[in-house]
Amino acid sequence: MKPEVEVRDLVKRYPKRDVNAVDGLSFTVAPGEIFGLLGPNGAGKSTTIGVLTTRVKATSGSARVASIDVAGDPVAARRMLAVVPQGSNLDRSLTPRQNLTFHAAYHGYDPEDRNSRAAKLLEEFGLDSQADVKVDWYSGGMAQRLMIARSMMHSPRVLFLDEPTSGLDPQSRLFMWERVHQLRAEGVTVVLTTHDMDEAAEMSDRVGIVDHGRLLAIDTPTALTSALQGQSVLEVTISRAEADTTDGVIAALVAIAGIERAEAVANDGGSLNGVPPMPPVTDGPGPVTLRLYVEGRAAGLLGAAVSVLTGRGAELSNVHIGEPSLEDVFIDLTGRSLR
Amino acid sequence: MTTTELPHPSAWRAFRAILWRDLFVTGKEFWVFLVQAALQPIFMLFIFARVLGAGGYVTEEYAHLLLPGIVALTAFLTALQAVAFPLIMEFSFTKEIEDRLLAPLPTVMVAFEKLVLAITRAMVAAVLMFPIGSLVLGSAPWNPSGIWLLVGALFLGTWMSGAIGLTLGTLVPPNRISIMFAVILTPLMFTGAVQYPWMSLESLRWFQVVTAFNPLTYLSEAVRAAVVPEVPHIAPWICLLGLVVGGTIFTIIGVRGFMKRAIS
């Protein structure tokens, strides 16, 4: 099957800059796929979207949308694509309804068609009661919904969403996610950019992690996270037997094949995600939490760990399985420094 | 969504749709447009012709040569403002133009649409200035034989002014709008042979040379030649040629500026 979006060796250098905003990026998106471009601020995500949507001229390389070279035939490409930008770019001289109808007019729809399409989309997006007010009165979430409705007015084959849920409340965010999945069901290909890990994991079929204009990794969110070896964690809270020592329990646990290392942490010991572990608390007979660093999936070793613990007379009071998140992958690949 | 409705996209259809959008918005705020276009010229006519005339400082003859100048100025400012201000706002703050830049037509046609809009708005404003002027002045000069020169001069002049607006609207950064007024618009308004015929500057040679560099001069002189041909004026063909040259130069610069802002 031909890819719906194809980016090949894309380079963009803005005038008077000494680094490339996009530096040899290549990826493809299959028809009907939801593809997430994940990266820190300034990684080159928006520039890539800009090239794909005919608003940024590539320095070299090529970009195709629906098999159309966007640089060679931008007018044809614009018929195939739609963009929902980061901030509102709604036409404030027009009402919400007119925003939709004029958009359809630009794309060649007859008055009758554009009015009926607008009415249908306004209803679908829950905006029909507020369709003829001033756009300025719209909240951020409503403006976002209206922009998605507008992008649907000309039935694009590929939809580009630039940071679609930044600054939205949880309701609007959920609505957004539902809409995107519904669009995929209708066969629309979706390319979105985000630096929100949950969003990327939740929304995308595949994720490309970008930094400094380069692609660092590309795969499904699950495959990316499981590739992080030794980062899976099993936490058990126990009260050891009187005669036993915490060090003894740890030594016994590390002896299990697959557990790379173990340490005692405070009961509320920090999570894996970037929080440094608490100093070990090893003395005293009270409950202690042990963190076991596991190669591969932690759940598979739970049984072995529990039998070792019961064998030593330790009482198990809590178990927590910490799977690595996309955020860990992201930090692992792009580093911790602020930018 | 079912897609039984088939669009008929073409660049020409998209062009008409974005022009219709701008005309629609103009019509929606027609009073704003009217006030913006007519208030300043009305005050200028009233003060320079009526008030100074009542005090005996100027004659009725001056009022009649001022009116064509004011018509030219109105056409010039209306066309320039129809393009420059919206573009500065739409490219930087509101980003409103993006939906039109993503319409299926060559980007350069979005710039041309702005020029067509400027010509349309400014022609309407200029034509309105004749009845308004005669109301303010009590009478207005009228020369039927100059009508084609008037129409041609206004058409070329508003095109050139729109192109100047396109140039300013895409080259002036948004935080410099106020400077644009002080440094560019005010000098243009007063060195454009609006309030005086160019030929009358013989005794002020250096200023005559300065005004010759202002493209507005050729519009003012052409309108004056059409309306009050008895007042000495620059030959109409030179005026029209000046407007064509100015229009061409500023269209090239303005369209380039527009393309740079539209596609980075």
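Strand β9 (residues 206-211) of chain A pairs with β10(A) in the antiparallel sense over 5 bridges. Here helices (H or I, at least four residues) and strands (E, at least two) are DSSP runs numbered from the N terminus, and two strands pair if DSSP finds at least two bridges between them. The model is predicted: local features need pLDDT of at least 70 and side-chain atom pairs count only at pLDDT 80 or more, while totals for chains, interfaces and linings use all residues. Residues are numbered from 1 along each chain as its sequence is written, and chains are lettered from A and ligands numbered from 1 in the order in which they are written.

**Chain A: the sheet with β9 and β10**

Within the β9-β10 pair, the bridge partner of Gly208(A) is Ile218(A) in β10(A), and Ile209(A) stands opposite Ala217(A) in β10(A). The two strands form a hairpin with 2 residues between them. In its turn, His212(A) has a positive phi of about 50°.

The pair belongs to an open sheet of 6 strands in chain A, in the order β6-β7-β8-β3-β9-β10, with mixed pairing. β6 (81-84) and β10 (214-219) of chain A stand at the edges with a single partner strand each, so one side of each has no neighbour in the sheet. From one strand to the next, the twist averages 15°. Angles run from 0 to 180 degrees between N-to-C directions, and axes are lines fitted to C-alpha atoms, for helices over the stretch in contact.

Two helices are placed against this sheet. Helix α5 (residues 140-152) of chain A lies across β6 and β7 (158-162) of chain A and runs at about 175° to β6(A). Helix α6 (residues 170-185) of chain A touches β3 (34-38), β7 and β8 (189-194) of chain A, and its direction makes about 150° with that of β8(A). Contact between two residues requires their C-beta atoms, placed from the backbone, to lie within 7 Å.

**Chain A: the sheet of 4 strands and the domains**

Chain A also has an open sheet of 4 strands, ordered β2-β1-β4-β5, with antiparallel pairing. Its edges are β2 (22-29) and β5 (68-69) of chain A, each with a single partner strand, so one side of each is left without a neighbour in the sheet. Strand β1 (residues 5-12) of chain A is joined to β2(A) by 6 bridges, and the two run antiparallel. Lys12(A) has Val22(A) in β2(A) as its bridge partner. Helix α1 (residues 45-52) of chain A lies across β1, β2 and β4 (60-65) of chain A, at about 115° to β1(A).

Chain A is divided into domain 1 (5-90 + 138-226) and domain 2 (232-323), with bounds that come from an automatic or database domain assignment. The C-alpha centres of these two domains of chain A lie 42 Å apart.

**Chain B: helix packing**

Three helix pairs of chain B are listed below.

| Helix pair | Axis distance | Angle |
|---|---|---|
| α2 (30-54) and α3 (60-92) of chain B | within 9 Å | roughly 165° |
| α3(B) and α5 (107-137) of chain B | within 8 Å | roughly 150° |
| α6 (147-171) and α9 (215-227) of chain B | 9 Å | about 165° |

Angles under 35 degrees count as roughly parallel, over 145 as roughly antiparallel, 65 to 115 as roughly perpendicular and the rest as oblique. α6(B) and α9(B) are therefore roughly antiparallel. Their crossing is left-handed, meaning that the near helix is turned anticlockwise from the far one by less than a right angle, whereas clockwise gives a right-handed crossing. Residues of α6(B) in this contact include Leu149(B) and Met160(B), and those of α9(B) include Leu219(B) and Val223(B). By class, the contact of α6(B) with α9(B) has 11 nonpolar, 1 polar and no charged residues. Ala, Val, Leu, Ile, Met, Phe, Trp, Tyr, Cys and Pro count as nonpolar, Asp, Glu, Lys and Arg as charged, and the others, Gly among them, as polar.

The crossing of α2(B) with α3(B) is right-handed. Among the residues that meet there are Phe48(B) of α2(B) and Leu66(B) of α3(B). This contact of α2(B) with α3(B) divides into 12 nonpolar, 5 polar and 1 charged residues. The crossing of α3(B) and α5(B) is right-handed.

**Between the chains**

27 residues of chain A are in contact with 28 residues of chain B. On the side of chain A that touches chain B, α3(A) gives the most, with 4 residues. The residues of that side divide into 9 nonpolar, 9 polar and 9 charged.
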